[in-house]
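This report looks at strand pairing, core packing and one patch on the surface. Please keep the structure in view while reading.

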Amino acid sequence: MQLEWLKKLSLKAKMALAATGLFLLFVVTSAYFAASYVERAFKESIFTQQFSLVANMADNIDDKLRIAHNALKTVAATASRDVFTNPVSAQRFLDDKVGLLALFDNGIFFIDNKGILIAESPYRPKRRGRDLSFRDWVQNTVSGRKPYISDAYISTHTPGQPAIVMTVPVFDQKGEMTGMMTGSLDLLGENLLAQLSRARIGNAGYFFIIDKKRTLIVHADKERIMKPAAAAGVNRLVDMAFSGFEGSGETVTSYGVPMLLSSKHLQTTSWILGANYPIAEAYAPLARAKKYLAIAALAGTVMLLLASWFVMRRLLSPLAVLTRHVTHLPEKAGVERLLTCDSKDEIGVLVSAFNTMIATQDGQQEALIIDIAERKRVEEALQLQTTRLELEVAERQKAREFLLLKQQQLEDLNDSLEGRVIQAVAELRRKDQLMIQQGRLAAMGEMINNIAHQWRQPLNNIGLIVQNLRDSFRTGMLDATEMDEQTTRTMQLIMHMSGTINDFRNFFLEDKERRAFTVNRAVAGALDFLQPSLKSSGIEVEWSEQPELTVDGYPNEYLQAMLNIVNNARDVLLERLVIKPRISIAIFREDDRVVVTISDNGGGIVADVLPKVFDPYFTTKKQGKGTGIGLYMSKTIIEQNMAGSLTARNSGDGAEFRIELRAVAADQRAEG
């Protein structure tokens, strides 16, 4: 009884439904497997990208912590041995270390080997002589006699503020530990750790740091700093991170929010860097893709149903005529009982058999009705042709209306596709910019290390000048002439250091507009940044230049590409222990192109590796030493953003990278 409605349908409707059902089954099955594959590939890509970002951020934090700790060690090494017995001298020494105070915003301190506070800067009254031996970082430094980075604690220098501390033990000439110099970072202040809390992944993703006691050191919500993280058993991936896991996965936070979590252990401390990215935001493109796939499948099904119905109607129209004729056969007589059909298929055979049967029954009257039957046949033929013509006109009208409907649907679909293409292009550009910024962030540690190299000698010179002024003052030999000379020399050193900072800041400014610039200056800028690191590594740099060669593009992005290539060359030379390592840079013009080649004597690139050097996330360096995005982003910058070309080959005794950009007119003014 439930299938009575199906029995009432016409044959053409049943056949159309059957064809549509088969198509729908095929589409649903194909869409299911396609969507499953796309979902797996998309999630793997998201996992890899987020872990790469966290790994880069972990390297950056490790570099910053090392730089801050090394600065503390350098200053501690210059302290006189009476600082632990002369609080006034110790206080004066600390107050003079303005640069160190800029790194440690919660103060710097001298503490003797019994844990007694000798001096602190900024100075706080009534705190000298305070016993700090109960602090675990004091105990660990005294017992271990090594530099130490503490977990989070509540500061008494800035009461109530969460902080961490770095320590450096100080020894006398006999090798006995006389005390320690420490620097403290305010976790709610403005420093290298607090800046991490403001970093975002997408719209709602954020970074956090947990110490070995499951205490939050850094978090986007400052109210959660110094609060316990998820307890054991609450967040599976956090538990795995404390067991040594590094990577990405799906989890649910202690607040019940589904998240994509990535974790990476820091090398300088026992802390864990993590990143939470809401799954709803991370998988939003995947949800949209599934929606569009479902709409496309539904539209295809509807179109197939309509097309099947029209085709079946066309094919079965002779059968419909036969059915009507047989239904009204008792009402007919003579030649009206015969049926005309020009079809040659099974329906035509059926009509011929039907006419034969009728002719057999009426054989006795055939002679009497030949003339009438002939006239009737002609009339019926004319009527049939008229009916066919009317049907054909009606079908053509319906076909025209159907084509107009499909044309409108195609136009609507084209408009929708154009919008999605524009949106996708904008999204790709945003991701390229994000990866360029990631490349810049990944280079930040290297840049800070270069600044440290460039600042070390001026800082030492300033220290010597100050000591000379103090000695001259004490001996009464300080006059106005010497004071002016020493002051002038000090200001020159400070201006040099300030210029280094300006260069560093300008490097991280985003290029918003294309402009003309001289390639010579861009290459010189890159070498200025890297010269201290190259010099300290014993690498000789040779380069030939043509100062007036000008191109059009983004100077800072070009500079970043140069830094990536030269840094790679430096790493290869150091890793392979090359004798007399050398990097050669040449700038010249070929036809309408400005060419820069960077080559080294590091032995070249392995043949099966050479085609992959520009692939994203491909690296031959050890785990944790490279991200695999440097050369990929360099190629993106040169070829996509600046319409040039970047290639690599083996030449001579090493590898050669070649950058080509279109030269601009000689009278066009270049900036930078």
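Val-168 has Met-181 as its bridge partner in strand E6. The model is predicted. Strand E6 covers residues 177-186 and pairs with E5 in the antiparallel sense, over nine bridges. The two strands form a hairpin with five residues between them. In that turn, Gly-175 has a positive phi of about 85°.

Strand E5 spans residues 162-171. E5 is mostly covered, with nine of its 10 residues buried. Its pairings with three strands are set out below.

| Strand | Residues | Sense relative to E5 | Bridges to E5 |
|---|---|---|---|
| E3 | residues 148-149 | antiparallel | two bridges |
| E4 | residues 153-154 | antiparallel | two bridges |
| E6 | residues 177-186 | antiparallel | nine bridges |

Individual bridge partners can be named too. Tyr-148 is paired with Thr-167 in E5. Tyr-153 stands opposite Ala-163 in E5.

Thr-182 also belongs to strand E6. Is Thr-182 buried or exposed? Its relative accessible area is 0%, so Thr-182 counts as buried, the cut-off being under 20%. Beyond its neighbours within four places in sequence, Thr-182 is in contact with Val-165, Met-166 and Thr-167. Its other contacts are Leu-72, Gly-107, Ile-108, Phe-109, Ile-111 and Trp-137.

Now the cores. Which members of the largest nonpolar core touch the most others? They are Phe-110, Met-181, Leu-193 and Leu-273, in a core of 50 residues. Helix H2, residues 11-77, gives the most to this core, with 11 residues. Apart from it lies another core, of 43 residues. Leu-530, Val-551, Ile-585 and Val-594 are among its members.

Phe-110 deserves its own list. Residues up to four places away in sequence are not counted here. Phe-110 touches Met-180 and Met-181. It also touches Ile-116, Leu-117, Ile-118 and Ala-119. Further contacts of Phe-110 are Ala-79, Val-83, Phe-84, Ala-90, Phe-93 and Leu-94.

The last topic is the surface. Leu-298, Val-302, Leu-306 and Phe-310 make a nonpolar surface patch of about 330 Å². One of them, Leu-306, is found in helix H8, residues 284-327. How is Leu-306 classed: buried, partly exposed or exposed? Its relative accessible area is 33%, so Leu-306 is partly exposed. The limits for that class are 20% and 50%.

Terms used:
Residues are numbered from 1 along each chain as its sequence is written. This is a predicted model: local features need pLDDT of at least 70, side-chain atom pairs count only at pLDDT 80 or more; totals for chains, interfaces and linings use all residues. Side-chain values use heavy atoms; hydrogens and water are left out. A nonpolar core is a set of buried Ala, Val, Leu, Ile, Met, Phe, Trp, Tyr and Cys residues joined through side-chain atoms within 4.5 Å. Buried means under 20% relative accessible area, exposed over 50%, partly exposed in between (1.4 Å probe, protein chains only). Helices (H or I, at least four residues) and strands (E, at least two) are DSSP runs, numbered from the N terminus. Contact means heavy atoms within 4.5 Å. Two strands pair if DSSP finds at least two bridges between them. Patches are made of residues with over 30% relative accessible area and no salt bridge: like charges are joined within 9 Å, nonpolar side chains (Val, Leu, Ile, Met, Phe, Trp, Tyr) within 5 Å. Accessible areas come from the Shrake-Rupley method with a 1.4 Å probe; for residues, only the protein chains shown count as cover. A salt bridge is a side-chain nitrogen of Lys or Arg within 4 Å of a carboxyl oxygen of Asp or Glu.
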